[in-house]
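Visitor: I would like a close look at one part of this protein. Please take me through the aromatic residues around one strand, then show me how the rest is arranged.

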Amino acid sequence: MKTKTVALVLCFALLFALCGCAGNDIVGSSQVSSSMAQVGTSSADSSEASSQVSSGASSETSSLISNTDYTPIDTEEYLMMLVNPWVPLPEGFKPRTTPIPAGYGTWANMHFATVGFNDLIEMMDDARSDGANLILVSSTRTMDEQRALYNNKVNRVMEANPDYTRKQAEIEAAKAVAIPGTSEHQLGLAVDFNSTEDSFRNTKEFAWLQENCWNYGFIYRYPDDKTDTTGIIPEPWHYRYVGKENAKRIKTSGKVFEEYLATLD
């Protein structure tokens, strides 16, 4: 009897152990399946992220809309940021921008500061409704783009003035094309309309901008007889976004941007 009892106990013990192992295997399988499902989701997300990175890296200009590159500053501070030959951009600064739709610029992959994008488009649409056909010939530029423009201008100055040293040519070139790192186009808030020729001031588009740009948050940045103050020769085609309220105050003051900022100190 004792032998049978011991054998029976051993059988029950063995059966219990086997059930316990089976139970653990079931739980383990469930956890593995759950983990695999999570891995599958992560892979899908990674694939989408990789696609976005590849898309974003398709050109240098596209990197301007990367939030990770954006210099985190207050919006009002950004709108009123001074950039000129004496005040360069912060090192590594890249603005948050939005692509310009087809039909508003002279080439693809143009961008403008996201904070002023809607006002820019509205201004151009309203101008066209009034018979002034505004078209962008320049907007946000990368450091490499600004450097290429500047070097090209330096070379042209040297060709026109064979007696100039390189340094003299650079100084002269900087009056028309900002030294890399000191251009408002790199700030993301500046645009050039229609033509970078002085004759643009004789067009209906220029007249429309002079009368209306302030209502959309833009200022005429480089007017006549202010080169000593701005560091840039007159550019009837160049306009800078500062926001509607700021633009109206600057317009009322009758001052250029540098002069207006000085009154705020």
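Guide: Start with Phe112 and Tyr241. Both are buried in this predicted model. Their ring centres lie 6.3 Å apart, with the planes at 85 degrees, so the pair is edge-to-face. Phe112 belongs to strand β2 (residues 111-113) and Tyr241 to strand β6 (residues 238-241). That makes the pair a link between distant parts of the chain, 129 residues apart.

Stay on β6 and move to Tyr239. This residue forms an aromatic pair with Phe193. Here the centres are 6.0 Å apart and the planes meet at 55 degrees, a tilted arrangement. Phe193 sits in strand β4 (residues 190-193) and Tyr239 in β6, so this pair ties together parts that are 46 residues apart in sequence. How buried are the two partners, by relative accessible area? Phe193 has a value of 0%, so it counts as buried. Tyr239 is also at 0% relative accessibility and therefore buried; the cut-off for buried is under 20%.

The Phe193 and Tyr239 pair belongs to a cluster. Ring pairs join Phe193, Phe200, Phe206, Tyr220 and Tyr239. Across the whole structure, a search finds 9 aromatic pairs.

Now look at the side chains along β6. Which way do they point? His238 and Arg240 point one way, and Tyr239 and Tyr241 the other way. All four of these residues are buried.

Next, the partners of β6. Strand β4 runs antiparallel to β6, and 3 bridges join them. Ala190 has Arg240 of β6 as its bridge partner. Strand β5 (residues 218-220) also runs antiparallel to β6, again with 3 bridges. On that side, Ile219 stands opposite Arg240. Arg240 is thus named in a pairing with Ala190 and in one with Ile219.

A ring can also carry a charged group over its face. Arg128 lies over the face of Tyr104, 4.9 Å from the ring centre.

Leave the strands for a helix. Helix α4 (residues 143-160) has 18 residues. From its first C-alpha to its last it reaches 26 Å, close to the 26 Å expected at 1.5 Å a residue. Which residues of α4 are buried? They are Gln146, Tyr150, Val154 and Val157. Seen down the helix axis, these buried residues fall within an arc of 70 degrees, so they line one face of α4. The general rule fits here: an α-helix has 3.6 residues a turn, so residues three or four places apart point the same way. What covers the buried residues of α4 includes α5 (166-173) and α6 (184-187).

Turn to a tryptophan in a loop. Trp86 lies between α2 (75-79) and β1 (97-99). Is Trp86 buried or exposed? At 53% relative accessibility, Trp86 counts as exposed, because the cut-off for exposed is over 50%. Trp86 still has contacts from elsewhere in the chain. Leaving aside neighbours within four places in sequence, Trp86 touches Asp228, Thr229, Thr230 and Gly231. The C-alpha atoms of Trp86 and Gly231 are 8.3 Å apart, although 145 residues separate the two along the chain.

Two loop residues deserve a check of their backbone angles. Most residues other than glycine have a negative phi. Asn109 has a phi near 65 degrees, a positive value in a residue other than glycine. Asn109 lies in the loop between β1 and β2. At 37% relative accessibility, Asn109 counts as partly exposed. Asp225 also has a positive phi, about 60 degrees, and is not a glycine. Its place is the loop between β5 and α8 (227-230). At 77% relative accessibility, Asp225 counts as exposed.

Last, the whole chain. The protein has 10 helices and 6 strands. Of its 265 residues, 36% count as buried. Take the contacts between residues at least 6 apart in sequence: 68% of them join residues at least 24 apart. The ring pair of Phe112 and Tyr241 spans 129 residues, and the pair of Phe193 and Tyr239 spans 46.

Key. Residues numbered from 1 in each chain as written. Predicted model: local features only at pLDDT ≥ 70, side-chain atom pairs only at ≥ 80, totals over all residues. Heavy atoms only, no water. Helix = DSSP H or I, 4+ residues; strand = E, 2+ residues; numbered from the N terminus. Expected span 1.5 Å × (residues − 1). Buried < 20%, exposed > 50% of the residue type's maximum accessible area, 1.4 Å probe, protein only. Arc of directions from axis to C-beta. Contact = heavy atoms within 4.5 Å. Phe/Tyr/Trp six-rings, centres within 6.5 Å; stacked < 30°, edge-to-face > 60°. Lys NZ or Arg CZ within 6 Å of the ring centre and 35° of its normal. Pairing = 2+ DSSP bridges.
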